[in-house]
Protein chains: 4
Amino acid sequence: MSQENINSSADIVEPKEKTREQLMELCHTLADIFKTRAAKYDNEGSFPVENFEDLRTAGLLGMMVPREFGGWGCNFLTYSKALEILATGDASTSLAFNMHNITVGSLAEIPAAPTDDRRSGAINDFREWIFKEAVEGKKLFASAASEPGIGAHFSKLKSSYKRTEGGFILNGTKSFVSMAGYADYYVVAAKAAHSKSEQAAVSFLIVDRETPGSHMDNVWNVLGMRATSTNPVHFKDCFVPKERLYMASEGMALYKIAREPHWLAGGYSGVYLGIMTATYDFLVNFLKKKKLPGTDIPYSQEPVIQHQMGKFYTELTSARLAVYHAANLVDSARGSDEANAAIHHAKYLVSESGPKLAADAIRMCGASSISKFFPLERFYRDSRCGALQPAYSDDCLTYLGKAAFGANLKNPIETYW
Amino acid sequence: MSQENINSSADIVEPKEKTREQLMELCHTLADIFKTRAAKYDNEGSFPVENFEDLRTAGLLGMMVPREFGGWGCNFLTYSKALEILATGDASTSLAFNMHNITVGSLAEIPAAPTDDRRSGAINDFREWIFKEAVEGKKLFASAASEPGIGAHFSKLKSSYKRTEGGFILNGTKSFVSMAGYADYYVVAAKAAHSKSEQAAVSFLIVDRETPGSHMDNVWNVLGMRATSTNPVHFKDCFVPKERLYMASEGMALYKIAREPHWLAGGYSGVYLGIMTATYDFLVNFLKKKKLPGTDIPYSQEPVIQHQMGKFYTELTSARLAVYHAANLVDSARGSDEANAAIHHAKYLVSESGPKLAADAIRMCGASSISKFFPLERFYRDSRCGALQPAYSDDCLTYLGKAAFGANLKNPIETYW
Amino acid sequence: MSQENINSSADIVEPKEKTREQLMELCHTLADIFKTRAAKYDNEGSFPVENFEDLRTAGLLGMMVPREFGGWGCNFLTYSKALEILATGDASTSLAFNMHNITVGSLAEIPAAPTDDRRSGAINDFREWIFKEAVEGKKLFASAASEPGIGAHFSKLKSSYKRTEGGFILNGTKSFVSMAGYADYYVVAAKAAHSKSEQAAVSFLIVDRETPGSHMDNVWNVLGMRATSTNPVHFKDCFVPKERLYMASEGMALYKIAREPHWLAGGYSGVYLGIMTATYDFLVNFLKKKKLPGTDIPYSQEPVIQHQMGKFYTELTSARLAVYHAANLVDSARGSDEANAAIHHAKYLVSESGPKLAADAIRMCGASSISKFFPLERFYRDSRCGALQPAYSDDCLTYLGKAAFGANLKNPIETYW
Amino acid sequence: MSQENINSSADIVEPKEKTREQLMELCHTLADIFKTRAAKYDNEGSFPVENFEDLRTAGLLGMMVPREFGGWGCNFLTYSKALEILATGDASTSLAFNMHNITVGSLAEIPAAPTDDRRSGAINDFREWIFKEAVEGKKLFASAASEPGIGAHFSKLKSSYKRTEGGFILNGTKSFVSMAGYADYYVVAAKAAHSKSEQAAVSFLIVDRETPGSHMDNVWNVLGMRATSTNPVHFKDCFVPKERLYMASEGMALYKIAREPHWLAGGYSGVYLGIMTATYDFLVNFLKKKKLPGTDIPYSQEPVIQHQMGKFYTELTSARLAVYHAANLVDSARGSDEANAAIHHAKYLVSESGPKLAADAIRMCGASSISKFFPLERFYRDSRCGALQPAYSDDCLTYLGKAAFGANLKNPIETYW
């Protein structure tokens with residue numbers, strides 16, 4: 001590629017029509033730009049602010065907003081492919097971006113409330129507000145679900161809120177909040193202090209980043225996915241206006257997650273598939289160039305390498321088929337047993353095949369490939385993080401095993417939440 | 001199921017309309033019947049003549065014959081699913097049946113010759129004859145490709161034919177001919193004795209089982225797929241009328257196989273997927289019934305078992321997605337690089353995951369499950385045979401590795417044939 | 001090997017000195033003879049009476065009897081290697097033979113009682129009787145521990161005995177009794193009917209095969225290890241003289257097994273290692289002879305095959321090191337945590353690597369290797385049975401995991417028994 | 001551990017007697033100290049100068065020097081265990097330290113030349129000089145074998161030397177020289193420019209770090225083993241006195257390496273085993289402390305975790321047995337086929353199991369474990385480097401496969417060198 005053809009932020013334009021084809025092209029352009037910055041952000045462990053500026057410019061904060069609200073109206077398959085492409089450029093950015101879309105996307109799936117519902121006004125106002133903030137306000141939403149010692153197990157949460165004049169008072173500490181300090185809003189899962197039931201009353205509150213009583217600790221210094229600012233956020237007596245109650249409804253969180261886990265458990269799959277795709281591309285190119293010792297014959301002609309490359313391909317392809325299949329089922333049969341099983345199958349495969357393939361790629365490429373001059377070592381580090389986000393790998397397997405034996409996994413008690 | 005509801009051969013009727021739904025239902029019915037006979041044929045190592053009588057009665061010898069010739073006109077996806085279902089009843093039957101469809105199905109894909117082609121008369125006559133033999137004559141075709149010490153490597157074949165008055169004289173020995181002694185015709189791959197090129201001149205001749213000079217050795221006594229009569233067949237100075245030259249064309253075999261390997265390399269995938277499906281069903285049912293020692297709690301509630309069952313499910317699902325994906329691509333983009341890669345991916349997965357899953361199932365079910373009273377031990381034996389039929393597992397990986405590196409695999413020299 | 005050099009039963013002589021070297025040589029001789037009969041017994045699923053006649057002739061029923069009682073006085077390492085060698089000839093024979101040695105060997109480890117012990121007379125009489133029966137009487141002892149629905153979980157046994165004049169009355173049904181109908185005695189684990197404790201009172205009674213009230217069902221027709229007559233044995237009001245109480249002590253069984261599991265859990269390891277050894281030898285020889293299609297180049301020179309052969313070797317070697325290491329520890333630190341962990345490590349490896357390697361060998365050797373003309377397909381079947389005998393593979397892993405976390409596995413409640 | 005009990009460099013004393021027990025204790029002490037510095041050096045990617053100062057103080061630069069020359073006279077098993085222990089503290093240090101011992105240790109194995117050999121004076125002088133430099137001079141030797149595009153394939157080297165007055169003139173560039181810039185001497189493999197044979201004439205020259213014409217590039221910035229200063233070193237017309245020719249003999253290198261690969265291929269195994277040991281210890285402790293979400297029950301009591309922990313243990317134990325077994329064989333049968341196979345088995349296992357186990361540990365420990373606050377993420381990175389040092393994993397397998405088929409691997413042409 002000649003110097004002049006390299007994309008830069010200046011080239012990014014938000015398309016008017018917002019077709020699927022335009023989205024894919026835009027994501028490829030962004031990935032090419034992100035690629036040039038990935039090593040820096042990874043090295044510093046800093047948040048990729050330039051990348052998110054580009055996502056804003058490209059209008060992608062509204063990727064999941066329905067078209068009638070000015071968004072792209074992506075379905076889950078297109079969304080998964082978009083994340084995959086973005087992750088080939090920078091997995092941290094794609095991962096953090098997914099957290100934003102969890103909030104917007106899960107809301108977009110819920111149809112507008114019928115006007116004869118007494119709460120319809122509040123519900124529709126909430127939807128409209130979120131969509132507008134994403135599209136026009138170009139605001140970022142961060143998911144604040146996990147807690148120290150609890151992970152993302154919704155039924156065990158300790159953060160709680162109580163009702164007050166005009167809204168709620170929120171207290172608690174959230175862990176592993178990606179985009180902490182950079183997102184405009186935190187979407188906080190908390191229990192109603194007045195609820196007696198253990199499971200029913202988990203709600204989501206949308207908390208402005210600048211809310212008094214809220215602050216984050218900047219402690220994210222880890223193996224991989226370093227450019228996500230995944231930090232603890234504390235909420236001490238934070239006031240949340242009642243309009244910021246998710247869907248104007250209390251106690252919906254756990255119920256919804258168990259029935260439709262694709263956002264919380266399946267959003268990541270596109271991201272980690274993207275790392276695998278990038279690993280594959282790197283591997284193929286590297287081995288076509290690297291020569292057998294003391295010869296001009298590329299490694300790509302070596303029988304044992306070809307055989308291993310074939311194995312690599314089968315594992316990548318199995319992961320890809322699983323991710324696309326799951327996304328397709330989310331689009332065609334959201335919440336069905338089949339879709340939910342497919343989500344866990346895909347999440348498991350990308351989480352476990354990803355780091356295995358990156359490890360294989362390092363072995364196949366040899367010592368020179370682990371230099372920070374190349375992205376492969378970052379793929380190896382980033383890919384290992386997939387299993388650490390819900391649904392965790394062991395939870396995926398147990399979920400699928402129970403499903404095979406006929407358990408009712410729409411009952412939260414049977415799941416890992 | 002009550003006694004009265006058990007299907008028997010007497011219940012089999014060839015449907016008039018031949019829809020996809022009818023086919024699936026018919027295959028399920030047949031599988032239920034085959035299931036009751038599988039242990040006997042396996043034990044004896046004898047050919048399942050009753051099953052093939054049922055397939056004839058059901059009109060399934062025309063499964064791949066175009067609808068305008070009275071067949072079912074299956075596409076490759078439906079065909080793969082049909083084999084899968086039949087194999088849940090008896091894998092040997094499904095495997096042998098696939099050999100018949102290789103000949104009929106690959107022919108059905110070739111459109112009728114245009115009338116301005118000078119050879120069109122002969123070509124169209126040949127197609128019509130095969131289709132009529134399958135549909136009306138209810139004749140079975142066996143594939144005779146492999147040779148001792150050569151396997152299915154078409155470029156190395158030693159069987160040869162020479163031209164004579166009104167046809168050809170064929171000599172050679174074929175190995176691993178399934179349905180030997182039971183098929184009505186052998187479809188023999190042989191080299192033109194007059195050809196100088198090593199690769200170009202492999203042709204297929206359709207040889208009547210009763211042709212003088214032809215005989216089989218009944219020596220099939222093996223680990224698995226025992227009910228297929230997969231035996232050597234010898235041809236000594238056999239006369240083959242010129243009308244029995246496949247597609248009225250010499251020298252097409254290798255070229256076609258390299259470009260469109262789905263029949264020779266991919267037909268098996270449905271069969272072996274069927275064994276995996278049956279293994280899964282057995283496993284689920286067995287572990288729901290088997291009790292933890294000294295308790296009334298089924299194994300299906302044991303955490304370690306659930307976790308392993310989840311792993312089992314992911315491997316089965318990956319294989320299933322691969323097989324259906326490959327079949328879909330054969331239907332939508334036959335002969336494309338993508339379809340051909342998918343075929344090898346699927347073939348590899350079913351060949352290697354199948355026996356692994358059967359072995360896992362035995363471990364999970366315990367000592368009582370290996371009795372010949374249950375089919376699981378047969379699944380374990382049958383499933384190991386997948387890797388031994390083309391494309392062999394190592395060949396699949398090398399093919400995929402070369403493809404990843406950009407080799408031109410339509411050139412037979414780059415493949416394993 | 002010329003015709004004259006082939007060993008036959010007529011060549012077998014019991015050595016006078018009974019050295020380790022003589023034993024190894026004798027086992028090799030026997031394995032060569034067993035090899036010639038293995039297919040027949042496997043095919044029939046019949047008990048290898050000729051092989052046991054040879055073992056008797058060779059004096060090997062006293063392999064574990066102390067030298068002062070006329071036996072070979074083998075340690076556990078030598079014993080494991082003897083089983084390995086015998087299993088290269090016929091795994092069923094080696095497996096059944098192990099069941100005999102479980103009784104004799106575990107007794108041999110217990111030193112003679114000091115004369116000031118009030119029970120020493122009875123204890124020493126019992127030891128002497130068993131040793132004499134094995135050495136002079138050439139009697140075979142079968143272990144009857146498992147029960148239907150309970151397996152070898154000693155703490156859950158239902159078989160029970162009560163005291164009567166001069167002995168005990170035994171009732172119960174045992175499953176998976178190898179050598180049923182052929183052993184001279186059954187060593188039956190049963191609970192004292194008068195015991196209130198669940199764990200303490202499991203004892204072993206030595207029951208003469210011809211005892212009135214005892215009979216076996218001949219139903220063994222299974223995947224592998226077919227020549228072991230592993231059948232149910234029923235005991236209805238069987239009288240057992242008090243001299244036939246194992247070690248003249250009640251309630252020792254569970255306690256001893258938990259502390260020193262090498263006989264019940266580790267005896268099998270040599271057998272299954274032997275199948276792996278035989279698989280390796282077959283594979284090496286086969287691939288050195290088999291030619292690449294259409295050439296004179298053996299498969300052993302093919303890079304992808306060499307690479308896979310290397311992988312095969314690493315897995316076999318890991319299993320071998322584990323088995324020998326465990327046996328060494330049994331000899332040097334019997335009952336130590338380290339020895340007990342090593343036993344489970346070895347048992348797990350041979351149980352799971354064995355069938356995997358046999359499956360790999362079939363793939364590497366190709367279609368011609370699964371004929372019953374070769375032993376490979378039997379290795380594939382026999383090897384899968386290892387995981388089904390205690391300690392089951394999952395139990396091994398859980399045992400080792402608990403041990404890693406510091407659990408006290410000498411407490412039966414923490415183990416799988 | 002109370003503040004006062006923490007070891008520091010001030011506590012290190014070189015023992016007088018130099019027993020095996022003292023060495024193990026000393027290594028444990030050093031490992032404890034190294035542990036406190038590991039994160040810093042890893043983070044900076046800087047050379048652990050403090051650790052090497054401690055190794056000097058402890059007298060460990062003479063670990064492989066024969067006792068009669070004032071060293072510890074370690075055998076290979078003790079050496080491997082020492083590296084393992086040191087690596088539990090800091091794998092980079094252990095790895096770099098191994099490079100020093102390759103030179104000293106391989107020399108120590110060669111007995112003093114008999115006095116009637118005409119070259120014995122020069123040979124014995126060389127040995128004495130090296131041993132004295134290590135013990136009294138406390139000098140560090142770095143191995144400079146690999147070259148860009150060639151790796152450690154000795155038969156393809158491009159570096160060359162020619163004879164000159166009083167010594168040699170050396171030219172060439174070496175890659176992956178650990179301790180570059182910190183070792184006192186480089187041990188450079190180079191070809192005799194005057195040699196016509198491709199294989200015979202590779203010699204080792206000992207080059208003083210400060211030799212004019214020599215310089216290193218400081219570019220080491222990689223995934224793992226970051227604290228080793230593994231950098232390119234250039235030699236331009238460097239004069240090397242003839243006394244610095246290894247063993248006073250030209251052309252021995254390749255011959256020796258092929259016959260006795262334990263130093264170049266097997267020295268690493270102890271290092272990578274040490275990472276595995278440290279990973280295991282971390283995992284056990286972490287899971288005994290980490291609580292199941294919302295409970296006080298540690299993960300160590302969770303059945304699925306115990307089962308996985310058991311699997312982890314089996315893989316670690318297999319690697320450990322392989323490393324110790326190989327080292328034992330080096331000591332008892334150096335250069336034998338059995339020893340050489342064992343070296344490659346061990347090297348393969350630690351190289352491939354190590355990163356797998358570290359990846360498993362991360363999955364089992366969860367998201368909080370990947371913080372740089374813990375060493376686990378470093379283990380994950382460091383462990384992946386094992387396969388990149390000779391013998392590379394694929395070379396190990398091919399070596400073992402060829403050996404299984406009976407190839408003569410003492411012939412360098414059959415190996416990977």
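Reader: How many residues of chain C are in contact with chain D, and what makes two residues count as being in contact?

Author: In this predicted model, 29 residues of chain C are in contact with 29 residues of chain D. Two residues are in contact if their C-beta atoms, placed from the backbone, lie within 7 Å.

Reader: Which helices of chain C supply at least two residues each to the side that touches chain D, and which gives the most?

Author: The helices α7 (262-289), α8 (303-333), α9 (337-365) and α11 of chain C each supply at least two residues of that side. With 13 residues, α8(C) gives the most. The names refer to DSSP runs numbered from the N terminus: helices are H or I runs of at least four residues, and strands are E runs of at least two.

Reader: How are the residues and chains labelled, and which parts of the model count?

Author: Residues are numbered from 1 along each chain as its sequence is written, while chains are lettered from A and ligands numbered from 1 in the order of writing. As the model is predicted, local features need pLDDT of at least 70 and side-chain atom pairs count only at pLDDT 80 or more, whereas totals for chains, interfaces and linings use all residues.

Reader: What makes the interface of chains C and D one in which the copies meet through the same surface?

Author: Of the interface residues of chain C, 100% are also interface residues in chain D, so the copies meet through the same surface.

Reader: Why are chains C and D said to be related as by a two-fold rotation axis?

Author: A turn of 180° and a shift of 0.0 Å along the axis lay chain C on chain D with an RMSD of 0.0 Å. The two copies are therefore related as by a two-fold rotation axis. The superposition is by least squares on the C-alpha atoms of residues with pLDDT of at least 70 in both copies. C:Ser318 is the residue of chain C that comes closest to this axis, with its C-alpha at 2.9 Å.

Reader: Why is α7(D) called roughly antiparallel to α10(D)?

Author: Helix α7 (residues 262-289) and helix α10 (residues 376-383) of chain D pack at an angle of about 155°, with their axes 10 Å apart. The pair is therefore roughly antiparallel, as angles over 145 degrees carry that name (under 35 is roughly parallel, 65 to 115 roughly perpendicular, the rest oblique). The axes are lines fitted to C-alpha atoms, for helices over the stretch in contact, and angles run from 0 to 180 degrees between N-to-C directions. Residues of α7(D) in this packing include D:Tyr272 and D:Phe282, and those of α10(D) include D:Leu376 and D:Phe379.

Reader: Which hand does the crossing of α7(D) and α10(D) have, and what makes a crossing left-handed or right-handed?

Author: α7(D) passes α10(D) in a left-handed crossing. A crossing is left-handed if the near helix is turned anticlockwise from the far one by less than a right angle, and right-handed if clockwise. In chain C, α9(C) also passes α11(C) in a left-handed crossing; their axes come within 9 Å and cross at roughly 145°. Among the residues that make this contact are C:His344 and C:Tyr348 of α9(C) and C:Leu397 and C:Leu400 of α11(C).

Reader: Why is B:Ser229 counted as buried, and D:Lys138 as partly exposed?

Author: A residue is buried if 20 or more other C-beta atoms, placed from the backbone, lie within 10 Å of its own, exposed if 12 or fewer do, and partly exposed in between. B:Ser229 has 23 such neighbours and is therefore buried, whereas D:Lys138 has 17 and is therefore partly exposed. B:Ser229 lies in the loop between β6 (214-216) and β7 (231-241) of chain B, and D:Lys138 in the loop between α5 (120-135) and β1 (141-144) of chain D.

Reader: What phi do B:Ser229 and D:Lys138 have?

Author: Most residues other than glycine have a negative phi. B:Ser229, although not a glycine, has a positive phi of about 45°, and D:Lys138, also not a glycine, has one of about 50°.

Reader: Why does A:Pro111 count as exposed?

Author: A:Pro111 has 8 C-beta neighbours inside 10 Å and therefore counts as exposed. The loop that holds A:Pro111 runs between α4 (91-108) and α5 (120-135) of chain A.

Reader: How do you know that the radius of gyration of chain A agrees with that of a compact globule?

Author: For 417 residues, a compact globule would have a radius near 22 Å, and chain A has 22 Å, so the values agree. The radius is taken over C-alpha atoms, and the globule rule is 2.2 Å times the number of residues to the power 0.38. Of the residues of chain A, 60% count as buried.
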